[in-house]
Amino acid sequence: MAQELGISQTAVSFAINDRPGVSDETKRRVKEAAAAMGWSPAYAAQALGSSKTMTVGFAPARSADGFQTESFMLHFMAGIHSSLSTKGYGLLYRPCASLTEELATYRDWARRRRVDGVILVDLRADDPRPALLTELGLPAVLAGGPDPVLNIPSLSIDDSRTMRTILDHLAQMGHRSIAYLSGDERLDYSQARVEAFRSFAHKHALEASSVDFTDFDPATASALTQSKLSGPHPFTAFIYENETMAASSMRVLAEVMIRGDRGGLGGKRFPHGLPAMVSFEDSFVCEATYPSITAVHRDAGQYGTKVANLLCRLLAGEPVSGNRRILTPKLVVRESTRLTVDPNHLDPVF
């Protein structure tokens with residue numbers, strides 16, 4: 001290529017690798033010649049001559065079932081891919097079974113210089129990951145947060161405001177007895193939602209309110225839903241951490257009503273008599289279920305893209321703002337909460 005263009009091999013190398021020392025015109029000529037010859041650099045060879053791997057790591061400590069059933073995370077990862085691919089980065093996905101394994105993965109990546117940076121999710125109380133990544137010198141961004149000690153920049157969604165939006169909707173529909181079936185009490189977004197729920201319940205003097213943690217298990221959510229519908233004063237509305245918990249609970253209640261064992265549901269025919277149900281995650285499941293489920297819609301793909309963009313700017317040495325809240329979620333009202341409640345009789349009426 002150097003002989004063809006009448007320049008030195010060093011100039012060709014600098015142009016191919018976008019290094020300073022050659023003009024933009026030379027870079028253009030070299031890249032056009034490379035394309036015409038059908039040549040492209042070998043990744044391994046580039047890595048030997050550069051401190052960059054052009055790879056971003058993602059090693060969340062989550063169960064395999066969580067990734068298979070939660071559409072939010074799948075769309076989030078697709079958004080990450082969409083951003084990284086346009087900038088020449090690849091995504092190294094390494095699911096971990098525990099936080100201990102995740103921490104060990106970061107140490108291994110840093111020691112072997114396997115990735116240029118990492119994306120974190122699911123910030124916990126007293127989370128050791130931000131401090132460890134700072135110690136390892138491994139650039140990182142957080143989806144969620146913010147990081148309490150501001151070690152790493154973050155982009156988060158306003159979960160407190162979203163919870164208030166849900167509760168305002170249920171209160172307007174006449175509900176005074178509301179249960180929140182959360183996921184993992186250690187996660188920062190769960191804590192924000194719980195705090196907003198309890199604050200609303202106190203401020204508006206709800207007749208009954210409760211918070212239970214399910215570890216995202218649909219069977220646990222279904223059992224808790226049934227138990228809270230028994231007795232003389234059943235709850236009239238339920239908020240679920242994700243769509244699988246909501247859909248599973250609705251299915252169990254439908255089965256109970258259709259089979260005729262309608263204790264605690266007012267003896268009404270399905271779907272009449274069902275409590276109001278809201279999911280904090282939206283997907284095709286919420287639309288396909290009957291009755292369709294009211295849910296919080298967030299563009300998970302766009303969220304993943306913005307988080308990846310933030311990391312790319314960090315890796316490029318650009319200044320980035322510390323912590324920002326983005327993507328105001330929208331409550332999509334569907335059949336599961338369109339019922340009104342007679343305050344004198346806690347049964348839903350049409």
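**Entry 1: the loop at proline 291**

I looked up proline 291 and found it in the loop between α13 (284-288) and β10 (294-297). I then checked the peptide bond that joins tyrosine 290 to proline 291, and recorded it as cis, with omega at about -10°. I note here that the model I am reading is a predicted one.

**Entry 2: positive phi values**

I next searched for residues other than glycine with positive phi. Methionine 54 is one of my entries, with phi of about 55°. I placed methionine 54 in the loop between α4 (43-48) and β1. Is methionine 54 buried, exposed or partly exposed? I read a relative accessibility of 26%, and since the partly exposed class runs between 20% and 50%, methionine 54 belongs there.

Arginine 113 is a further entry: its phi is near 50°, again positive in a residue that is not a glycine. I located arginine 113 in the loop between α7 (99-112) and β3. Its relative accessibility is 69%, and because exposed means over 50%, I listed arginine 113 as exposed.

**Entry 3: the open sheet**

I traced an open sheet of six strands, paired in parallel, and wrote down the order β2-β1-β3-β4-β5-β11. Which strands lie at the edges? I found β2 (90-93) and β11 (323-325) there, each with pairing on one side only. Ignoring direction, I noted an average turn of 20° between neighbouring strands of this sheet.

I then examined what packs on the sheet. Helix α6 (residues 71-86) does so, and I recorded that it touches β1 (55-58), β2, β3 (117-121) and β4 (140-143). The direction of α6 makes about 145° with that of the edge strand β2.

At the β11 edge, I followed the pairing with β5 (residues 154-156), which is parallel and extends over three bridges. Which residue of β11 is the bridge partner of leucine 155? I identified arginine 324 as that partner.

**Entry 4: the chain as a whole**

I closed with totals for the protein chain. I counted 14 helices and 14 strands in its secondary structure. Of its 350 residues, 49% are buried. I also looked at contacts between residues at least 6 apart in sequence, and found that 69% of them join residues at least 24 apart. For the surface, I entered an exposed area of about 17,200 Å², of which carbon and sulfur atoms supply 51%.

Terms used
Residues are numbered from 1 along each chain as its sequence is written. This is a predicted model: local features need pLDDT of at least 70, side-chain atom pairs count only at pLDDT 80 or more; totals for chains, interfaces and linings use all residues. Side-chain values use heavy atoms; hydrogens and water are left out. Two strands pair if DSSP finds at least two bridges between them. Helices (H or I, at least four residues) and strands (E, at least two) are DSSP runs, numbered from the N terminus. Axes are lines fitted to C-alpha atoms, for helices over the stretch in contact, and angles run from 0 to 180 degrees between N-to-C directions. Contact means heavy atoms within 4.5 Å. Buried means under 20% relative accessible area, exposed over 50%, partly exposed in between (1.4 Å probe, protein chains only). Accessible areas come from the Shrake-Rupley method with a 1.4 Å probe; for residues, only the protein chains shown count as cover.
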